[in-house]
Amino acid sequence: MSLLRDDPFALPCPSCLEIDGLSLRFDRRQRPFTICSSCGTRTFLRGRASMLGLAMLGDVIRELAAAVQTDAAAAEQMRQRTAAFFAGLEQRFAPPAPARSDLGTAVEPAREVAA
Ligand SMILES: [Zn+2]
């Protein structure tokens with residue numbers, strides 16, 4: 001079975017994995033971009049290199065979606081990977097905890113106002 005479908009413009013969204021979620025559009029300067037009807041992600045395509053993923057990943061995403069629907073182990077693997085990804089995001093982008101010496105300095109003492 002081939003991984004490649006006949007229609008290269010039937011595009012699943014690489015962000016939310018919605019099958020056929022992407023539509024290819026052109027901006028007012030005739031530059032291509034995609035927009036997902038499900039999650040709203042817009043991807044601006046600048047040159048042939050930025051389109052390689054669109055050309056190749058669609059069928060891979062479809063295979064993944066089909067595997068998750070029919071294979072419990074694949075579904076569990078995806079659930080674990082997704083959970084690890086979001087845990088990593090929270091860890092990477094969480095604001096740093098205040099150092100112990102910073103406690104109590106968040107609010108400056110009131111200043112006297114000259115009359
Ligand atoms: Zn999407």
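1. Strand 1 (residues 22–26) and strand 2 (residues 32–36) run antiparallel and are joined by five bridges. Strands here are DSSP runs of E with at least two residues, helices are runs of H or I with at least four residues, and both are numbered from the N terminus. Two strands are taken to pair if DSSP finds at least two bridges between them. Three facing positions can be followed along this pair. Leu-22 has Cys-36 as its bridge partner in strand 2, Leu-24 stands opposite Thr-34, and Phe-26 stands opposite Pro-32.

2. The basis of the model should be stated at the outset. The model is predicted: local features need pLDDT of at least 70, side-chain atom pairs count only at pLDDT 80 or more, and totals for chains, interfaces and linings use all residues. Residues are numbered from 1 along each chain as its sequence is written. The term pLDDT denotes the predictor's confidence in each residue, from 0 to 100. The chain has a mean pLDDT of 83, with 80% of its residues at 70 or more. Among the elements of the chain, the highest mean pLDDT belongs to strand 3 (94) and the lowest to helix 1 (87).

3. Which elements does the chain contain, and in what order do they run from the N terminus? The chain has two helices and three strands, and the elements run β-β-β-α-α.

4. The sheet is completed by strand 3 (residues 42–44), which pairs with strand 2 in the antiparallel sense over three bridges. Within this pair, Thr-34 has Thr-43 as its bridge partner in strand 3. Taken together, the three strands form an open sheet of order 1-2-3, with antiparallel pairing. Strand 1 and strand 3 stand at the edges and have a single partner strand each, so one side of each is left without a neighbour in the sheet. From one strand to the next the twist averages 25 degrees, where axes are lines fitted to C-alpha atoms (for helices over the stretch in contact) and angles run from 0 to 180 degrees between N-to-C directions.

5. The hairpins deserve separate attention. The hairpin of strand 1 and strand 2 has five residues between the strands, and Gln-30 takes a positive phi near 65 degrees there. In the hairpin of strand 2 and strand 3, which also has five residues between the strands, Gly-40 takes a positive phi near 85 degrees. Most residues other than glycine have a negative phi. Gln-30 has a positive value in a residue other than glycine. Gln-30 counts as exposed because it has 6 C-beta neighbours inside 10 Å. For this classification a residue is buried if 20 or more other C-beta atoms lie within 10 Å of its own, exposed if 12 or fewer, and partly exposed in between, with C-beta atoms placed from the backbone.

6. A positive phi also occurs in the segment before strand 1, where Asp-20 is placed. Phi of Asp-20 is near 55 degrees, in a residue other than glycine. Asp-20 is partly exposed, with 15 other C-beta atoms within 10 Å.

7. The loop between strand 3 and helix 1 (52–70) holds Gly-47. Is Gly-47 buried or exposed? Gly-47 counts as exposed, since it has 8 C-beta neighbours inside 10 Å. Its C-alpha atom is separated by 9.2 Å from that of Pro-32, 15 residues apart along the chain.

8. Helix 1 has 19 residues, which at 1.5 Å a residue should span 27 Å; the end C-alpha atoms are 28 Å apart, which agrees. The expected span is 1.5 Å times one less than the number of residues in the helix. Helix 1 bends by about 35 degrees at Gly-58, the bend being the angle between axes fitted to the seven residues ending there and the seven starting there.

9. In helix 2, 22 residues should span 32 Å, and the end C-alpha atoms are 31 Å apart, which agrees. The number of buried residues in helix 2 is zero, so this helix lies largely in the open. Ala-75 lies in helix 2 (residues 72–93) and counts as partly exposed, with 13 C-beta neighbours inside 10 Å. The C-alpha atoms of Ala-75 and Ala-65 are separated by 9.1 Å, the two residues being 10 apart along the chain.

10. Two totals describe the chain as a whole. Buried residues make up 6% of its 115 residues. Among contacts between residues at least 6 apart in sequence, 33% join residues at least 24 apart, a contact being a pair of residues whose C-beta atoms, placed from the backbone, lie within 7 Å.

Conventions. Two residues are in contact if their C-beta atoms, placed from the backbone, lie within 7 Å.
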